[in-house]
Amino acid sequence: MEYFPIGRVAELTGISPVTLRAWERRYGLPVPHRTASGHRLFSMAEVEQLRRVLTLMESGYSISRAVERIRAEEEHGGRFDEDEQEYKWPTYRQRLLEAVDNFDTTALDSAYNEPLTLFPVDLVIDEVLLPVLEQIGSEWEQRDDGIAREHFFSNYLRNKIGTRFNHEVQRRHGPALILACLPGESHELGLMLAGLVAAARGYRVLYLGSNLPLSKLQPVATRTTPAGIALSGTTVEWDAKLEKDLRDLVPSVPSPVYVGGDLAENYPGPLRAVGVFPVGRDFREGIERIIKDIRQRRTAE
């Protein structure tokens with residue numbers, strides 16, 4: 001296989017070496033081969049991949065969206081037409097809801113897997129999974145099986161997302177991002193979905209799960225030097241111990257610390273006072289804010 005240095009790739013694609021390095025760092029694409037001395041080398045397949053990025057951007061895609069689409073195409077063996085598929089979003093949602101109503105795991109597998117064979121995972125999260133989760137949550141108290149439905153679907157998603165999460169993370173070579181729930185926090189589904197979005201953006205997500213003592217973060221952050229540490233707090237309350245733990249954590253780690261969830265929505269001032277960056281309640285908006293802040297910091301370096 002023939003390999004090209006970064007300068008030659010710039011000539012073949014029209015993308016400057018500076019931009020190529022920035023895309024590699026921010027989006028995990030392209031993924032060059034490295035010589036023993038650390039020089040980047042690219043195959044013709046990676047050159048064609050970059051040309052495909054440019055074609056998508058010329059048609060109106062952002063760079064991040066173009067990268068997501070290319071990864072989806074590579075995973076599923078061909079291109080897909082999003083415009084032709086858009087009408088199916090309500091169908092996908094309805095199939096999921098019917099499977100949950102019937103507590104039918106086989107039907108749920110089919111309804112869950114089909115859109116993921118056609119679209120990037122974060123698009124499926126936005127168009128299918130989140131609307132279904134919201135509807136099931138809103139019907140929790142209105143139906144006699146509401147609690148069972150919510151537990152059934154949440155546990156199913158947790159298992160499925162965990163499997164996909166591990167698969168996605170193994171393929172990423174971008175900056176590291178630590179995700180964990182604050183001490184006492186057991187609700188981790190939103191954090192897992194945030195991790196999938198971050199992985200789709202090329203980040204190497206180090207997922208540490210629920211109820212993590214903050215004192216245990218420092219050794220991990222020191223060894224991995226992540227671009228950021230994102231913590232989730234939905235049911236935990238702000239108190240003197242949490243304030244002290246966060247105040248101790250911030251100067252002990254080499255990365256900015258972010259907090260999302262209800263805690264961030266309700267206590268933005270106290271969080272900022274201890275050096276933490278609150279990113280709101282919504283996990284999707286929160287992870288996008290984190291990624292944007294990390295990019296700005298890395299650009300300024």
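**Exercise 1. A proline and an asparagine in loops**

In which loop is the place of proline 30? Determine also which residue precedes proline 30 in the cis peptide bond, and what the sign of phi is at asparagine 211.

*Solution.* The model is a predicted one.
Step 1. Proline 30 is found in the loop between helix H2 (17-27) and S2.
Step 2. Leucine 29 precedes it, and the peptide bond from leucine 29 to proline 30 is cis, with omega near 0°.
Step 3. Asparagine 211 is not a glycine, yet its phi is positive, about 50°. This asparagine 211 belongs to the loop between S5 and H11.

**Exercise 2. The antiparallel sheet**

Establish the strand order of the open sheet of three strands, and state which strands are at its edges.

*Solution.*
Step 1. Begin with the pairing of strand S1 (residues 3-5) and strand S3 (residues 40-43): they run antiparallel and are joined by three bridges. Within this pairing, tyrosine 3 has serine 43 of S3 as its bridge partner.
Step 2. Turn to strand S2 (residues 33-34), which pairs with S3 over two bridges, again in the antiparallel sense. Histidine 33 is the bridge partner of leucine 41 in S3, and arginine 34 stands opposite arginine 40 in S3.
Step 3. The order is therefore S1-S3-S2, an open sheet with antiparallel pairing. S1 and S2 are the edge strands, each pairing on one side only.
Step 4. Helix H3 (residues 44-58) packs on this sheet and touches S1, S2 and S3; the direction of H3 makes about 80° with that of S3.
Step 5. Consider last the connection of S2 and S3, a hairpin with five residues between the strands. In its turn, glycine 38 has a positive phi of about 95°.

**Exercise 3. The parallel sheet and its helices**

Describe the sheet of five strands and explain why one side of each edge strand is without a neighbour in the sheet.

*Solution.*
Step 1. The five strands form an open sheet with parallel pairing, in the order S5-S4-S6-S7-S8.
Step 2. Strand S5 (204-207) and strand S8 (277-278) stand at the edges; each has a single partner strand, so one side of each lacks a neighbour in the sheet.
Step 3. At the S8 edge, S7 and S8 run parallel and are joined by two bridges. Valine 259 has proline 278 of S8 as its bridge partner.
Step 4. H15 packs on the sheet, where it touches S4, S6, S7 and S8, and its direction makes about 165° with that of S7.
Step 5. Helix H11 (residues 217-224) lies across strand S4 (176-181), S5 and S6, and runs at about 170° to S4.

**Exercise 4. The largest pocket**

How much space lies in the largest pocket, and which elements supply its lining?

*Solution.*
Step 1. The space in the largest pocket is about 1,000 Å³. It is lined by 37 residues, and those closest to its centre are His187, Leu189, Gly190, Thr234 and Phe283.
Step 2. At least two lining residues come from each of helix H8 (121-138), helix H9 (146-170), helix H10 (189-200), strand S6 (228-232), strand S7 (257-260) and helix H15 (283-300). H9 gives the most, with six residues.
Step 3. By residue class, the lining comprises 17 nonpolar, 13 polar and seven charged residues.

**Exercise 5. An aromatic pair**

Classify the ring pair of tryptophan 238 and tyrosine 267.

*Solution.*
Step 1. A pair of aromatic rings is described by the distance of the centres and the angle of the planes.
Step 2. The model has five aromatic pairs. In the pair of tryptophan 238 and tyrosine 267, the ring centres are 6.2 Å apart and the planes lie at 25°, so the pair is stacked.
Step 3. This pair links distant parts of the chain, 29 residues apart. Tryptophan 238 is in the loop between S6 and helix H12 (240-249), whereas tyrosine 267 is in the loop between helix H13 (262-266) and helix H14 (268-273).

Definitions and conventions. Residues are numbered from 1 along each chain as its sequence is written. This is a predicted model: local features need pLDDT of at least 70, side-chain atom pairs count only at pLDDT 80 or more; totals for chains, interfaces and linings use all residues. Side-chain values use heavy atoms; hydrogens and water are left out. On a 1 Å grid over the protein atoms alone, a cavity is a set of points where a 1.4 Å probe fits but cannot get out, and a pocket is an open set with protein on both sides within 12 Å along at least five of seven lines; lining residues have an atom within 4 Å of a point. Grid points are joined across faces, edges and corners, and a volume is the space filled by probe spheres set on the points. Helices (H or I, at least four residues) and strands (E, at least two) are DSSP runs, numbered from the N terminus. Ala, Val, Leu, Ile, Met, Phe, Trp, Tyr, Cys and Pro count as nonpolar, Asp, Glu, Lys and Arg as charged, and the others, Gly among them, as polar. Contact means heavy atoms within 4.5 Å. Axes are lines fitted to C-alpha atoms, for helices over the stretch in contact, and angles run from 0 to 180 degrees between N-to-C directions. Rings of Phe, Tyr and Trp (its six-membered ring) pair if their centres lie within 6.5 Å; planes under 30 degrees apart count as stacked, over 60 as edge-to-face and the rest as tilted.
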